[in-house]
Amino acid sequence: MVADERASSVAMSEKLQVRSLADLAKLAGVTPGTVSRALSGTGLIGAATRERIRKLAEEHDYRPNILARNLRTRRTGAIGVILPLGHETGQHISDPFFMTLLGHLADALTERGHDLLLSRVIPADDQWLDRLVRSGRVDGVIVIGQSDQTHVLDKVAETYRPMVVWGARIDGAKHCSVGSDNRAGGSMAAQHLIRSGCTRIAFFGDPGVPEFAQRLEGVEWAVKAAGLSPAEPVLPVHLTPETAYEAISDYLAKGHPAQGIVAASDIIAMSATRALHAHGFDVPGQVSVTGFDDISIAAHTNPPLTTVRQDFERGAMLLADLLFKRIAGEDTASVELTPELIVRESTRR
């Protein structure tokens, strides 16, 4: 009797053409809503039921109409990831900092069933972000870096909720951000240099960028707490390797450098080390250098770079978590991650 029932079920399965979600629901013996949740990976459905529905869909070569579903739910299935380059028009997506964070972000968004729509923007006016979020192409937006566009981010955040920014936590800001405690990171780097005997410390990085301004504040706090003269000089170098190298070379050509350099990024630190070597200075024998980020190549420079590590993996997960909460209508507060000092051979011990 059982064998006859199985044979009958197989026969019915073979005869039924699965052209719609309703057809698949009938075949599976469940409601269309259950099938929809099973195939989209959403909702509370038992693992066995979910797997059975997916196998039936595969056996009958059924693929849900994503476009129709998106029209019904008013969802695109895509998240916009935007890189605004208001202060660094020469910076490219291939920058190791961007590639590291984007890799983790792509994983975090894919795990949530969303695609990543990447845009590199050189702002020409104050409407660039508003145009992107109103385009209807994405369900939400993650902005990588505030650049010099904090006012634009705050203006859009007043009316557009599903947006989270990787960057500095700024008092009074209207946009939600995830980023490292930059002041603590700058202080860590400076304190390490001071403990190693550096009494004159320079800061290389553009204080016009909120994250870099906070890192400089951390350096200045540590220098003052140690009773030393203020950081000198503050060299507002660019983030691209060649432009940073040229600016630092010009600085070195004018006289003896500081004993310790706190660079606002690993790329700037690497450019500084290269320029110091070219001008005959030993690193760290004569000048110690610290970076910020701990991108993958930082451990493989010559000498390996002492740097302040940002937790990019956790940061990417938080960006995604907060964004999807905001898409769902929840309020979220900005999050500040604790950085970590990674000591290598570019500084004296």
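**Charges over rings**

I began with Arg274, whose charged end sits over the ring of Tyr245 at 3.8 Å from the ring centre. This is a predicted model, so I read every number here as a property of that model. I then looked up Arg215 and found its charged end over the ring of Phe292, 3.7 Å from the centre.

**Aromatic pairs**

How many aromatic pairs does the structure hold? I count four. In one of them, the ring centres of Phe97 and Phe98 are 5.6 Å apart. The planes of Phe97 and Phe98 meet at 55 degrees, and because edge-to-face needs over 60 and stacked needs under 30, I file this pair as tilted. Phe97 is buried at a relative accessible area of 15%, and Phe98 is buried at 6%.

I next turned to Phe204 and Tyr251, an edge-to-face pair with 5.5 Å from centre to centre and 85 degrees between the planes. Where do the two residues lie? Phe204 belongs to strand 6 (residues 201–204) and Tyr251 to helix 11 (residues 241–253), so the pair ties together parts that are 47 residues apart in sequence. Phe204 is buried with 0% relative accessibility, and Tyr251 is buried with 13%.

I also noted a cluster: ring pairs link Phe97, Phe98, Trp166 and Phe312.

**Largest cavity**

I searched for cavities of 30 Å³ or more and got two. The largest has a volume of about 270 Å³. Which residues come closest to its centre? They are Gln91, Phe97, Glu211, Phe212 and Leu239, out of 24 that line this cavity. Phe97 turns up here again, after its pairing with Phe98.

Helix 6 (96–110), helix 10 (210–225) and helix 12 (266–278) are the elements that give two or more residues to this lining. Helix 10 gives the most, with three residues. Sorted by class, the lining of the largest cavity has twelve nonpolar, seven polar and five charged residues.

**Second largest cavity**

About 80 Å³ of space lies in the second largest cavity. I listed its lining as Gly80, Val81, Ile82, Leu117, Ser119, Leu132, Ser135, Arg137, Val138 and Val141. Strand 1 (78–84) and strand 2 (115–121) are the elements that supply two or more of these residues. Strand 1 has the largest share, three residues. By class, I find six nonpolar, three polar and one charged in this lining.

**Helix 10**

Since helix 10 gives the most to the largest cavity's lining, I checked its length. Does the end-to-end distance agree or disagree with the expected span? At 1.5 Å a residue, the 16 residues should span 22 Å, and the end C-alpha atoms are 23 Å apart, which agrees.

I then listed the buried residues of helix 10: Pro210, Glu211, Phe212, Gln214, Arg215, Leu216, Gly218, Val219, Ala222 and Val223. Arg215 in that list is the residue whose charged end I found over Phe292. Glu211 and Phe212 are also buried, and both are among the residues closest to the centre of the largest cavity. After helix 10 comes Gly227, with a positive phi near 75 degrees.

**Two distances along the chain**

Arg326 lies in helix 13 (residues 312–327) and is buried, with a relative accessible area of 11%. Its C-alpha atom is 31 Å from that of Glu217, and the two are 109 residues apart along the chain.

Is Asp331 buried or exposed? Asp331 is exposed, at 66% relative accessible area, and I find Asp331 in the loop between helix 13 and strand 11 (335–337). The C-alpha atoms of Asp331 and Arg161 are separated by 8.6 Å, with their places 170 residues apart along the chain.

**Backbone notes**

I logged a cis peptide bond from Val283 to Pro284, omega near 10 degrees. Pro284 is in the loop between helix 12 and strand 9 (288–293). Asn302 and Pro303 are also joined by a cis peptide bond, with omega about -5 degrees, and Pro303 lies in the loop between strand 9 and strand 10 (306–309).

That loop also holds Asp294, a residue other than glycine with a positive phi of about 65 degrees. Asp294 is buried at 14% relative accessibility. Ser147 is not a glycine either, and its phi is positive at about 50 degrees. Ser147 sits in the loop between strand 3 (140–144) and helix 8 (150–157), and is buried at 3%.

Definitions and conventions: Residues numbered from 1 in each chain as written. Predicted model: local features only at pLDDT ≥ 70, side-chain atom pairs only at ≥ 80, totals over all residues. Heavy atoms only, no water. Phe/Tyr/Trp six-rings, centres within 6.5 Å; stacked < 30°, edge-to-face > 60°. Buried < 20%, exposed > 50% of the residue type's maximum accessible area, 1.4 Å probe, protein only. Helix = DSSP H or I, 4+ residues; strand = E, 2+ residues; numbered from the N terminus. Lys NZ or Arg CZ within 6 Å of the ring centre and 35° of its normal. 1 Å grid on protein atoms, 1.4 Å probe; cavity = no way out; pocket = protein on both sides within 12 Å on 5 of 7 lines; lining within 4 Å. Points joined across faces, edges and corners; volume = space filled by probe spheres on them. Nonpolar A, V, L, I, M, F, W, Y, C, P; charged D, E, K, R; others polar. Expected span 1.5 Å × (residues − 1).
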